[in-house]
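Work through the exercises below with the structure open beside the text. Try each task before reading its solution.

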Amino acid sequence: MKKIEKYLKRVAATAARTVLCPRLGRRDLSSSTRLPSRLPPSAGARQRNRKSEARRDPEPAPLAAMQPPVLLNIGGSRYETTADTLTQRDPGSLLAAALSGAAAHGLPTTEDGAVFVDRDGELFRHVLNWLRDGAVPALADAEYRQLLREAEYYRLPGLIDCISERIGDWDDKIGRSSEAELTRKDVIKCIQADKVRFRGVNLSGLDLSKLDLSEVDFSCGCIEETKFSLANLHKAKFGEVQASRSSFNYANLRECEFVGANLQESTLDRANLQSANLQDACLVKCSFIETDLRSAHLQSADLTGANLTGANLEGANLKGAKLSGSNLQGANLQRAYLREVDLRETQLTGAKLGGANLLGAIR
C-alpha cells in the first residue's frame with residue numbers, strides 16, 4: 001500500500017506541473033517551456049538600431065568641384081598645377097598676380113593657353129615644389145644661388161629667406177668673408193704661369209690693382225672688398241663669384257664673364273665692359289658712372305638702385321633687367337634692347353634712346 005501511495009503522490013505532483021495547450025498539447029513547464037527567440041524591441045533599442053544602420057549605409061557625399069589646371073610654360077618646359085598652389089603660400093608672387101591677367105604683368109600666353117615665362121624651366125620644379133609644400137631641396141652652393149635669382153624674379157620672399165639661410169650656412173662652412181687665402185705676392189707668382197686659375201679661392205680684401213689678370217679664372221670664388229682698379233682683366237671669368245663692395249674703377253673688363261655674379265655695391269666707374277656678359281648678375285646699387293657697356297649682355301640682371309650716369313649702353317641687351325630706382329641720366333641707350341623692361345622708376349633725363357627696342361617696355 002505504501003508503494004501505491006508513493007506512486008499516486010508522484011503522479012499528482014507531475015500533473016500539477018503540466019498545462020494543457022489546445023494547439024501544442026502538453027508541455028512540462030519545469031523543463032519543456034521555451035521563451036520566444038526574439039522579443040519586440042524597446043524604444044531605446046529601436047533608436048540604437050537606427051544609428052547603427054546609419055553608420056553602415058551613409059549617404060554618398062557630393063563630390064567637390066574640381067579646379068581646372070593652370071598651364072605654365074617656363075622656358076619651354078611645361079608644367080600643370082592649380083590656382084591654390086600658386087596663391088596660398090605667397091599671394092603676392094608674380095605667378096599669383098599673373099592669374100588675374102598674364103598680359104597685364106608682361107607674361108604672354110601660348111596657343112594652348114599656357115602662361116609663358118622666359119626663365120629656367122629646370123629650376124622651376126624647385127620653385128613649384130616650394131609653393132606646394134615649402135620644401136627646399138639639397139643643392140650645391142652654385143645651384144642655390146641660381147635658385148635664389150629665380151625666387152627673386154618670382155617674388156617669393158619665403159623661398160628667398162630659406163635659400164639665404166642655406167647660403168649663409170654654406171659660407172660659414174667654407175670660411176667666406178674671412179681672411180684671404182693668398183697674398184698679393186702669391187697672386188703675382190701665380191699669374192706668371194700659364195692658365196691661371198683661382199676658381200673657388202678666397203681673395204677677399206686684397207689689393208690686386210694694376211695687375212695683369214687677363215683670362216684668369218676667378219669663378220665661384222670670394223673677392224669681396226677686393227681692389228681691381230686699373231687692372232687688366234680682359235676675358236677674365238667671374239661666374240658665380242661673391243664680389244660685393246669691390247672696386248673695378250678704370251679696369252679693363254672687356255669680354256669678361258660675370259654670369260650669376262654678386263657685385264652688389266661694387267664700383268665700376270669708367271671701366272671698360274664692352275661685350276662683357278653680366279647676365280643674371282646682382283648689380284644692386286653698383287656704380288657705373290661713365291662706364292663703357294657697349295654690346296654688354298645684361299639680360300635679367302638686377303640693376304636696382306644702380307648709378308649709370310653717363311654710361312655708354314649702346315647696343316647693350318637689357319631684356320628683362322630690373323632698373324627700378326636706377327639712374328640713367330645722360331646714358332647712351334641707342335640701339336639698346338630694352339624689351340620687357342620696367343622704366344617707370346628709372347631716371348632717364350638726357351638719355352639717348354634712338355633706335356632702342358622698347359617693345360613691351362613699361363614707361
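**Exercise 1.** In this predicted model, classify Arg294 as buried, partly exposed or exposed, and find its salt-bridge partner.

Solution. Step 1: the relative accessible area of Arg294 is 32%. Step 2: buried requires a value under 20% and exposed a value over 50%. Step 3: Arg294 is therefore partly exposed, at 32%. Step 4: the partner of Arg294 is Asp292, with the closest N and O atoms 2.7 Å apart. Step 5: Asp292 has a relative accessible area of 15%, so Asp292 counts as buried.

**Exercise 2.** Which residues are joined into one network with Arg78 by salt bridges that share partners?

Solution. Step 1: look for salt bridges that have a partner in common. Step 2: these join Arg78 with Glu80 and Asp112 in one network.

**Exercise 3.** Decide whether the contact between Asp217 and Arg199 meets the salt-bridge cut-off, then describe the surroundings of both residues.

Solution. Step 1: the closest N and O atoms of Asp217 and Arg199 are 3.8 Å apart. Step 2: the cut-off is within 4 Å, so this pair at 3.8 Å is a salt bridge. Step 3: the two residues are 18 residues apart, and both lie in the segment after α8 (184–191). Step 4: Asp217 is buried, because its relative accessible area is 11%. Step 5: Arg199 has a relative accessible area of 52%, which means that Arg199 is exposed.

**Exercise 4.** Do the same for Arg245 and Glu225.

Solution. Step 1: the N to O distance between the side chains of Arg245 and Glu225 is 3.0 Å, and they form a salt bridge. Step 2: the pair links distant parts of the chain, with their positions 20 residues apart in the segment after α8. Step 3: Arg245 has a relative accessible area of 40% and is partly exposed. Step 4: Glu225 is also partly exposed, at 46%. Step 5: the total for the model, by the same cut-off, is 11 salt bridges.

**Exercise 5.** Where does the pLDDT fall below 50, and how should such parts be read?

Solution. Step 1: the average pLDDT of the protein is 80, and 75% of the residues score at least 70. Step 2: residues 17–39 have a pLDDT below 50, and this stretch has 13 contacts beyond near neighbours in sequence. Step 3: residues 173–177 also stay under 50, with 11 contacts beyond four places in sequence. Step 4: where pLDDT is low, predicted coordinates should not be read in detail.

Technical notes. Residues numbered from 1 in each chain as written. Heavy atoms only, no water. Helix = DSSP H or I, 4+ residues; strand = E, 2+ residues; numbered from the N terminus. Buried < 20%, exposed > 50% of the residue type's maximum accessible area, 1.4 Å probe, protein only. pLDDT = per-residue confidence, 0-100. Contact = heavy atoms within 4.5 Å.
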